[in-house]
Each structure stands twice: as C-alpha cells, then as structure tokens.
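User: Hi! I'd like a close look at one spot in this protein, followed by a walk through whatever else helps to place it. Please keep it concrete, as I'll be following along in the viewer.

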Amino acid sequence: MTIKKLGMRHILTICLTSALLSGCESYAISNDSSPTSKKTIKKRPNFVWLVSEDNSKRYLKLYNAKGAEMPNIESLAKQGLVFNNAFSNSPVCSTARTTLALGAYPAKLAMEYHRPFERINLPRELSTISDYLTKAGYYTSNDAKEDYNFVSPENNWSSSKKGASWHNRKAGQPFFHMQTWKTTHEGKLHFPESDIENLSTIHNPNSVELDPIHPNTELFRYTYARYLDLHKKVDKEMGVVINQLKEEGLLEDTFIFYFGDHGGVLPGSKGFVSERGLNVPLVVRVPKNFRHLLHKDLQAKLSTRVDGVISFIDFAPTLLELAGLPKSKLQDGESFLSKNLSLDDLNKRNTNFSFADRFDEKYDMVRGFRKGKYKYIRNYLPFNPDGLFSSYRYKQAAYREWKHLFKANKLNSVQSAFFKRKPLEALYDLEQDPFETKNLALLPQYTEKVIKMRAGLQKKLQSMPDLAFYPESYLVDIAKDDPIIFSLKHKSDIARFINIIDMSLQPFEQVKNKLKAVLLSNEQWERYWAMNAVLAFGDKANEFLPIIEKIRQSDINLINRSRAIQYLALNNGVSPQLELEDLVKQAKDPLTALAILNIATQLHDTLGIAFNIELNKLWKNSTETRGTSMESFHKRTVDGWFKARMDYLKNI
C-alpha cells in the first residue's frame with residue numbers, strides 16, 4: 001500500500017493522529033522531494049503469548065540443572081532472550097493476569113483480591129493490552145482463560161474461547177494470540193496419596209532437589225517428580241502451536257513469549273511473595289523480520305540471558321512499544337524491548353514490587369520490595385501464619401502432610417516457620433539465600449539497609465497509593481466505579497494509615513502515646529490500623545486493655561470489635577467463641593463475615609479453638625442484590641469459602 005507524497009508536516013500529522021486514534025502502522029517517511037517519491041506503510045509484528053500456569057522458573061532445566069527438559073522452549077531460547085529475573089507482581093492467578101492485561105498495579109485499582117467479590121470498573125484512561133491492539137487493527141485471540149478482576153471492555157478480544165486462534169483474521173492482518181495451559185496448574189497435584197504406589201513418574205523422585213522449607217518425605221519427593229513430568233507434557237502441547245507458526249510461514253514475523261502466569265505450585269509457593277511464588281520463566285523469541293525493533297546490542301546478542309529485573313507491569317507497555325503505539329499514563333510498567341534500550345541498560349533494572357492480600361477465603365496483607373540482591377518483605381498482619389488454612393491449598397496431599405508433621409513436632413526450624421507467626425519485616429540476601437530462610441532484618445549490621453528498603457516500600461505504597469489500606473468490605477462498594485478518583489481523594493488518608501501501622505516497627509515505649517491517641521480516634525479505619533498495630537505488639541500493649549475492651553464491646557465496625565477479641569484471646573486468655581460467632585451473624589455483608597471468619601481461623605490454628613458457626617442466608621441475599629450476573633460466581637466461590645471455613649472451624 002502506498003500514499004502520494006505530501007508535505008512533511010502533513011504526513012506527520014496524519015501519522016500521529018492515526019497512531020493515537022486507531023494505532024495504524026507507522027509510516028516510513030522520506031525526505032526525497034521528487035514527485036515520484038512514495039511512502040510505504042511498515043509491516044507490524046505479530047505477538048504470541050504461551051502461558052503455563054502455576055510454575056516458577058526452578059522447574060525448568062533451562063534455569064535449574066535438576067529441572068525438567070523442555071525442548072520446544074529451549075529451542076525458542078536459542079533464537080531469543082532468556083530472562084533470569086522475570087516476576088509476577090502477585091503470586092496468584094487473577095491478580096497476576098490483571099497486572100499482565102493492564103500493565104498497572106492492581107493494588108492501586110482495588111483489584112488486588114483473588115477471587116474478586118465484585119469486578120471493578122476500569123478507569124477511563126486505562127484499558128487492556130488486547131483492547132488497545134484490537135483498536136489498532138490487530139486480530140486478538142485468547143485460548144481461553146481470562147480471569148481478570150475488572151469489568152472487561154466490550155470486544156476486549158476479537159475471539160476469546162476454547163480453540164480461539166489467529167486463523168480467522170483478515171489476510172495480512174497482524175495478530176496477538178494468548179494461549180494458556182492448565183497442564184501445570186495446582187489442581188493437577190490434587191491426587192490421592194495412593195498414587196505413590198499406583199502411578200509411577202518419569203522423573204525419579206529420589207533425584208529431585210527439594211526446597212529447604214519442605215520435609216524430605218516420600219510424598220514430597222513424589223509430588224516434585226510428578227510436577228516435573230507435567231512440564232514435559234506442557235512443552236509438547238506448546239510445541240504444537242510453535243509448529244503451526246512455522247508451517248504457516250509466520251514464525252519470523254512473530255514475537256513469541258513463553259512464561260508462567262506466576263510462581264508455584266509446591267506448598268509454600270503459589271500465594272506467597274517468596275521468589276518461589278513470583279520468579280517465573282520467561283523466554284522471548286525474536287523474529288528475524290523484526291529484530292530491527294530492538295537495540296543493536298540485543299540484535300547482536302540473541303540467544304543470551306538477561307539479568308535485569310522485569311515484571312508483569314512491563315509486558316503490556318512492551319507490546320505497545322513494539323507495535324508503535326503509545327502507552328497509557330496509568331500504566332506503571334516500562335517496555336523491556338526497545339530500539340533505545342541496550343542490554344546494559346536493561347540489566348541495570350533492579351527493582352520489583354509484589355503484593356499478597358485475600359486469596360480465596362484466606363486474608364493476609366504482605367508487600368515485597370526488591371532492589372538488587374536484597375528483598376524486603378513487610379507483613380502487615382504478622383499474626384496470620386503463612387500456613388493459615390485455605391481450602392484449595394490443602395487439597396494437595398503434600399500440604400496436609402506438611403501441617404501434620406508440624407503438629408507432630410517433626411520439622412526443623414526452617415520447615416516449621418511456615419506455620420508460625422511471621423516477622424513484622426524481613427530482609428533477605430537473595431544471592432546468598434535464594435530460598436529466603438535467613439532473615440537479616442534484626443541483625444545490627446543490616447539496620448541501615450533495612451531502613452532504606454523500608455523507605456523504598458513506603459514511597460511506593462504512598463505514591464500509588466495502595467488501596468488495600470482500606471479493608472475489602474469497604475473498598476469494593478466505595479471504589480469500584482472509579483478507583484483512580486477514589487485514590488486521589490484518599491491519598492493522604494492512606495499515607496496516614498501506613499504511618500499508623502508502621503508504629504509497630506518502633507519500640508513500644510516510644511510510640512505508645514501516639515498509638516493510644518489513634519485507638520481513641522473517631523475515624524474507624526484509623527482504629528482499624530491501630531488495632532493491627534496493637535496485635536503486632538502483643539502483650540506489650542496490655543496497658544491499653546480498657547480501650548481494647550471498649551472497642552470490643554461497642555465499636556461500630558465489626559472487624560475492629562473482632563480484632564479486639566482476637567487480641568484478648570491471644571494475650572489474655574479470653575474465650576472468643578461466642579462473641580465471634582455472634583459477630584459473624586451480625587455482619588451485613590459477606591466480606592465482613594469472611595474477614596471475621598479469618599480471625600476465627602487464626603485463633604483456631606494458633607490456640608486450638610473450635611467454632612460452631614452457621615450463616616443461613618447471609619451471602620445468598622447479597623447475591624440477589626448484586627444481580628444474576630454474579631450469581632454463578634457467588635455460588636461457585638463465596639458459598640464454597642464459607643462452607644469450607646465453617647466445616648474446618650468445627651474440628652481441632
């Protein structure tokens with residue numbers, strides 16, 4: 001396709017307007033002023049994302065000598081880039097996929113919870129990578145998992161269903177195809193223990209390399225081996241798509257990204273901001289016909305490894321860059337493939353932000369900040385052990401065995417930590433301690449490093465701002481229509497909440513007067529974070545007992561009352577059963593009830609207390625008020641969360 005020569009300014013105006021409005025191809029503009037000069041539209045690259053669910057990079061031989069051989073992925077690596085430090089920002093499906101789709105942190109958009117009680121509306125200034133590419137003239141196909149925490153734009157994909165592919169596009173139309181395989185999903189490890197005797201594995205269970213957090217048992221070794229087998233299987237399945245591209249002559253026009261949708265999936269990985277839960281494999285095959293879109297350094301160094309840190313917020317901006325499209329001002333990521341980005345500059349990228357909140361029925365709030373070889377973790381609810389019961393996690397036999405061995409006092413200190421109270425903050429040297437077992441935060445020689453990393457995280461949380469400093473039960477109703485407007489109105493409030501909970505990092509005697517004043521605040525969410533700080537201090541805060549007792553008896557916020565009951569049960573032996581059971585029934589919405597049940601679960605697992613809770617129609621009424629579009633979701637998830645929690649709490 002050609003266009004007649006026009007004046008330079010006119011041509012630029014046409015190109016800029018077209019790129020912004022429809023994402024048309026960029027034009028190759030010549031300075032030749034001859035009447036016969038023609039301007040040719042550049043061809044645009046195709047993109048294919050091949051996604052294996054729930055696996056960290058350590059399960060691939062490409063990264064770990066003990067990992068599984070994946071010849072199709074290894075072949076891609078020989079013609080592209082292998083990223084050693086690629087991260088999901090969240091260690092679970094819907095939050096990770098939300099990040100991928102948007103190139104923005106879900107925590108600033110009220111989308112940080114898995115699964116969402118209610119999907120959030122996208123702000124006007126932000127859409128999905130598939131929507132942007134569709135509007136730019138790409139054919140976009142998804143086979144077939146979406147799993148987002150937002151209300152999808154109309155016609156988000158050209159085709160999104162089982163079996164969708166690029167084959168229905170118009171002749172010559174560029175395409176973006178995403179395909180996800182459940183072959184390595186967590187659910188594939190929900191097998192009966194009898195399989196150890198009845199179903200052999202390709203990989204030898206006695207040759208696997210166990211994480212130091214895991215007990216060396218026959219069941220764990222078998223689970224590892226079986227999971228490695230699944231990687232060989234998914235490699236063959238992905239090879240079918242790669243071969244299709246070859247056979248159709250599309251391979252050298254297509255950037256192929258292979259990656260895991262987050263880490264996992266052995267116990268203590270998926271759902272946690274450890275490297276096991278976040279550090280994914282990423283291989284990008286660069287097609288010959290579009291190598292010119294990369295910096296000359298990278299063009300010359302294909303089949304190389306990249307040490308720079310990139311994360312899921314960077315994926316959408318990268319595709320926009322390669323397609324010649326501008327990114328949204330609300331996107332947090334930066335392209336990692338660009339004509340202006342050298343390998344040296346890419347390798348200088350060294351920071352990552354990660355988060356974990358409510359995943360299924362299990363509430364927590366953890367933030368991670370990595371810079372260089374150091375990783376800082378802030379546990380805002382340290383009294384919630386990582387091993388707190390979650391029904392889907394514990395369908396895995398290895399999970400159940402791990403907890404049984406803990407109760408039987410048959411684990412070492414590293415293996416036991418998963419079931420114990422977490423530190424307020426942790427610092428790890430990932431070069432010396434890649435499995436994050438040695439917390440340096442309390443060692444005096446690392447005090448300065450802890451302070452710097454803590455400040456880096458605080459700056460990140462306040463600048464977003466991180467909306468999770470409002471409890472989900474409040475956030476889902478108040479912020480769902482436009483989270484950006486909500487965040488702008490409440491940015492100073494969130495900064496104040498962060499300062500309140502961070503009092504728990506200081507000596508009690510230095511902050512007790514300030515903390516007391518906040519406990520007496522008229523603002524419910526200030527009291528909420530003050531109570532979390534009190535729980536973090538433990539029995540040091542017993543001088544606040546009269547105030548805590550008042551909160552227990554009369555606070556208008558049921559979660560605050562439940563936190564007070566939790567404190568009294570943990571530090572003063574007060575029986576919590578009847579009061580928590582009653583507060584759950586008083587809750588006017590399922591998310592408040594679920595948060596209270598999480599407190600009951602913590603007391604159950606920590607103190608061995610049983611609860612007898614029945615809810616009748618509470619969450620069913622909520623389903624009805626939210627309309628039929630949510631009914632199947634609630635029936636499948638929220639009802640299941642409550643049933644699993646209530647059944648579990650009845651037994652010790």
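Where is valine 265 found?

Analyst: Happy to help! One thing to keep in mind throughout is that this is a predicted model. Valine 265 is found in the loop between β9 (254–260) and α7 (275–278). Its backbone deserves a look: the peptide bond that leads from glycine 264 to valine 265 is cis, and omega is near 0°.

There is another cis bond to set beside it. The peptide bond from aspartate 143 to alanine 144 is also cis, with omega near -10°. Alanine 144 has its place in the loop between β6 (139–143) and β7 (159–160).

While we are on backbone geometry, two residues have a positive phi without being glycine. Serine 303 has phi near 65° and sits in the loop that runs between α8 (296–300) and β11 (304–311). Its relative accessible area is 43%, so serine 303 is partly exposed. For glutamate 436, phi is positive at about 55°, and this residue belongs to the loop between β15 and α13. Glutamate 436 counts as buried because its relative accessibility is 10%, which is under the 20% cut-off for that label.

Back to the loop of valine 265, which reaches from β9 to α7. From proline 267 you can step across to tyrosine 394: the two are 127 residues apart along the chain, yet their C-alpha atoms are separated by 8.9 Å. Tyrosine 394 lies in the loop between β14 and α11. With a relative accessible area of 7%, tyrosine 394 is buried. Leaving aside neighbours within four places in sequence, the contacts of tyrosine 394 are Gly387, Leu388, Phe389, Tyr399, Arg400, Lys403 and Phe419.

The loop between β14 and α11 (397–407) also holds asparagine 384. Asparagine 384 is buried too, at a relative accessible area of 1%. If residues up to four places away in sequence are not counted, asparagine 384 touches Tyr363, Asp364, Lys422, Asn598 and Gln602.

Gln602 takes us on to a helix pair, since it is one of the α21 residues in the contact with α19. Helix α19 (residues 558–572) and helix α21 (residues 590–607) pack at an angle of about 5°, and their axes are 9 Å apart. The two helices are therefore roughly parallel to each other, as angles under 35 degrees count that way. On the α19 side, the contact is made by Leu558, Ile559, Ser562, Arg563, Gln566, Ala569 and Leu570. The α21 side contributes Thr592, Ala595, Ile596, Ile599, Gln602, Leu603, Thr606 and Leu607. By type, the residues of this contact are nine nonpolar, five polar and one charged.

The strand β14 (374–379) leads to another helix, as it is among the elements that cover the buried residues of α13. Helix α13 (residues 447–463) has 17 residues, which at 1.5 Å a residue should span 24 Å; the end C-alpha atoms are 24 Å apart, so the two agree. The buried residues in α13 are Val450, Met453, Arg454, Gly456, Leu457 and Leu461. They lie on the same side of α13 because they cover an arc of only 155° around the axis. Glu448, Lys452 and Lys459, on the other side of α13, are exposed. Besides β14, the cover over the buried residues includes β12 (351–356), β13 (366–371), β15 (425–429) and α15 (483–501).

Helix α24 (residues 638–649) makes a good companion to look at. Its twelve residues should span 16 Å at 1.5 Å a residue, and the end C-alpha atoms are 17 Å apart, which agrees. Nine of these twelve residues are buried, so α24 is largely enclosed by the rest of the structure. The buried residues are Val638, Asp639, Trp641, Phe642, Ala644, Arg645, Met646, Tyr648 and Leu649.

Finally, here is an exposed loop residue for your viewer. Asparagine 168 lies in the loop between β7 and β8 (175–181). Its relative accessibility is 62%, so asparagine 168 counts as exposed. From asparagine 168 to phenylalanine 336, the C-alpha to C-alpha distance is 30 Å, with their positions 168 residues apart in sequence.

Notes: Residues numbered from 1 in each chain as written. Predicted model: local features only at pLDDT ≥ 70, side-chain atom pairs only at ≥ 80, totals over all residues. Heavy atoms only, no water. Axes fitted to C-alpha atoms, helices over the stretch in contact; angles between N-to-C directions. Helix = DSSP H or I, 4+ residues; strand = E, 2+ residues; numbered from the N terminus. Parallel < 35°, antiparallel > 145°, perpendicular 65-115°, else oblique. Contact = heavy atoms within 4.5 Å. Nonpolar A, V, L, I, M, F, W, Y, C, P; charged D, E, K, R; others polar. Expected span 1.5 Å × (residues − 1). Buried < 20%, exposed > 50% of the residue type's maximum accessible area, 1.4 Å probe, protein only. Arc of directions from axis to C-beta.
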